[in-house]
Amino acid sequence: MTPQNSVPKVGFVSLGCPKATVDSEHILTRLRAEGYLISGSYSDADLVVVNTCGFIDSAVEESLEAIGEALAENGRVIVTGCLGAKGDVVRQAHPKVLAVTGPHATDEVMEALHAHLPKPHDPYSDLVPPQGIRLTPKHYAYVKISEGCNHRCTFCIIPGLRGDLVSRPVGEVMEEAQNLVNAGVKELLVISQDTSAYGVDVKYRTGFWNGRPLKTRMAELARAMGELGVWVRLHYVYPYPNVDEVIPLMAEGKILPYLDIPFQHANERILKLMKRPASSENVLQRIRQWRGICPDITLRSTFIVGFPGETEKEFQELLGFLEQAQLDRVGAFTYSPVEGAVANELPDHVPPEVQEERLERLMRLQEEISAEHLALKLGKTMQVLVDNVDEEGAVARSTADAPEIDGLVYISNGDNLSVGDFVNVRITDSDIHDLWAELSDLPSGEC
Ligand code: SF4
């Protein structure tokens, strides 16, 4: 129990994807706003909140283990996040947890917290910075623009866990973005389940930002964010036709020439089984158009290998697509039968050893493509953002590299730089994923 007059302390364990990270940030911000202290150790905390992930089986296991550890070390645990939406799973494994909520549930978490650890009498709300509490480094931040998803991809249980699309008011999103920039953030990473659908649920309602009307729509939001003078990177962009509208913004330098657009497969039958848009010809045509408008655009996509019923021929069609599309960054996963996913009912599941073999072939092909693309950058000058500095030099990212998932740029003579610096470098070497560079005085040559 908390001794009288001492400030209650909450431990926090944050697991899962960037969307879960943003949920954690919202809860941490509320905790600090109400005067709770955040504790870095189980023993020092009066209670622990575990924000879980429930996307694939290994994530479920990791989350259950984290809850078990928090219970063993502290004893008083509130569970939130995607695994929390499967309340039974958590309670069956760990009946002693104090409360279980689903994802994106700051209010419910705070309610449970108030019940088990009353809030301090005199909250110092002015101690919370306007940009809130962030788990990311100071120079970049995720901005979640919506929650939930209106699609029903058969391999995915996110709509069941997080519900249909709910877009945040555009003025509120812009205010958050502005606060982050004012606090020193140099790169805004726009995330959601489905960024291109932003505003569909509110019929693209017109909101206000700085006294001027602004539509709740991806292109309008991207343009407004682009005026804040920092890097703006779009993630999880579903391949709708309206994606074409943001490419000119990239060519104009308003937002980064980078598109994270999950295609998942290239074969029409498999895409239909996945309930995804099904025309790889159309996709290739659009990629050609995008590159015509913005030649330096970096395209990142994800694919599922060994989806139920995928034949060798259909898999080869995917390889052929990758050869033609020449995507810069590719993430690939073998199909994993997440509990509750509709695709689990499909016939002809691909044996795990065949899935693994296909994944390896796909990654080998993509590694060749990636290495060729990076080799083309040798001798070029480009702008990078510094992530880390030590005595051996600096580690940075170019416009083509999102944090955590893409490559890095190692700057050999960058030991005098500071984290968050924008500098121009000349590329001296490359491998499959990363680049090596030297500082340069020349202006960069991005599109
Ligand atoms: S668009 Fe993404 S979040 Fe929505 S159902 Fe499909 S995979 Fe899941």
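Glu 65 is found in helix 2, which covers residues 57–73. I should say at once that we are looking at a predicted model. In this model Glu 65 counts as exposed, because its relative accessibility is 57% and the cut-off for that word is over 50%. Glu 65 also belongs to a negative surface patch, together with Asp 57, Glu 61, Glu 62, Glu 69, Glu 73 and Glu 339.

Let me now turn to the protein as a whole. How many helices and strands does the protein have? There are 12 helices and 20 strands. The radius of gyration is 23 Å, close to the 22 Å that the globule rule gives for 447 residues, so the protein is as compact as a globular protein of that length. If we take a box along the principal axes, the C-alpha atoms fill roughly 65 × 60 × 50 Å. Of the 447 residues, 54% count as buried.

My next topic is the salt bridges. The structure holds 29 of them, and I have chosen three pairs to discuss.

The first pair on my list is Lys 144 with Glu 147. These two residues form a salt bridge whose closest N and O atoms are 2.7 Å apart. Are the two partners buried or exposed? Lys 144 is buried, because its relative accessible area is 2% and buried means under 20%. Glu 147 is buried as well, with a relative accessible area of 5%.

The next pair is Asp 387 with Arg 397. Here too there is a salt bridge, and its closest N and O atoms are 2.7 Å apart. This pair links distant parts of the chain: Asp 387 lies in strand 16, residues 381–390, and Arg 397 lies in strand 17, residues 393–398, with their positions 10 residues apart in the numbering. Asp 387 is buried, at a relative accessible area of 15%. Arg 397 is buried too, at 1%.

The last pair on my list is Glu 357 with Arg 361. In this salt bridge the closest N and O atoms are 3.4 Å apart. Where along the chain do Glu 357 and Arg 361 sit? Both are in helix 12, residues 352–375, and because they are 4 residues apart there, about one helical turn separates them. Glu 357 counts as partly exposed, with a relative accessibility of 39%. The pair is also part of a network of salt bridges, in which Glu 357 and Arg 361 are linked with Glu 310, Glu 312 and Arg 358.

I move on to the backbone, and to two residues in one loop. As a general point, most residues other than glycine have a negative phi. Lys 203, which is not a glycine, has a positive phi, near 55°. Tyr 204 is not a glycine either, and its phi is positive at about 55°. Lys 203 is found in the loop between strand 9, residues 187–191, and strand 10, residues 206–209. Tyr 204 has its place in the loop between strand 9 and strand 10 as well. How exposed are these residues? Lys 203 is exposed, with a relative accessible area of 72%, whereas Tyr 204 counts as partly exposed, at 30% relative accessibility.

Two further loop positions deserve a look. Gly 229 is found in the loop between helix 7, residues 218–226, and strand 12, residues 231–234. Gly 229 counts as exposed, at 66% relative accessibility. The C-alpha atoms of Gly 229 and Ala 219 are separated by 17 Å, and these residues are 10 apart along the chain. Lys 254 has its place in the loop between helix 8, residues 247–251, and strand 13, residues 258–260. Lys 254 counts as partly exposed, with a relative accessibility of 30%. Between the C-alpha atoms of Lys 254 and Asn 210 there is a separation of 19 Å, for residues 44 apart along the chain.

I close with a residue in a strand, Phe 12. It is found in strand 1, residues 9–14. Is Phe 12 buried or exposed? Phe 12 is buried, because its relative accessible area is 18% and the limit for that word is under 20%. What separates Phe 12 from His 235 in space? Their C-alpha atoms are separated by 26 Å, and the two residues are 223 apart along the chain.

Methods: Residues are numbered from 1 along each chain as its sequence is written. This is a predicted model: local features need pLDDT of at least 70, side-chain atom pairs count only at pLDDT 80 or more; totals for chains, interfaces and linings use all residues. Side-chain values use heavy atoms; hydrogens and water are left out. Patches are made of residues with over 30% relative accessible area and no salt bridge: like charges are joined within 9 Å, nonpolar side chains (Val, Leu, Ile, Met, Phe, Trp, Tyr) within 5 Å. Accessible areas come from the Shrake-Rupley method with a 1.4 Å probe; for residues, only the protein chains shown count as cover. A salt bridge is a side-chain nitrogen of Lys or Arg within 4 Å of a carboxyl oxygen of Asp or Glu. Lys and Arg count as positive and Asp and Glu as negative; His and the chain ends are not counted. The place of a charge is taken as NZ of Lys, CZ of Arg, CG of Asp or CD of Glu. Helices (H or I, at least four residues) and strands (E, at least two) are DSSP runs, numbered from the N terminus. Buried means under 20% relative accessible area, exposed over 50%, partly exposed in between (1.4 Å probe, protein chains only). The radius of gyration is taken over C-alpha atoms; the globule rule is 2.2 Å times the number of residues to the power 0.38.
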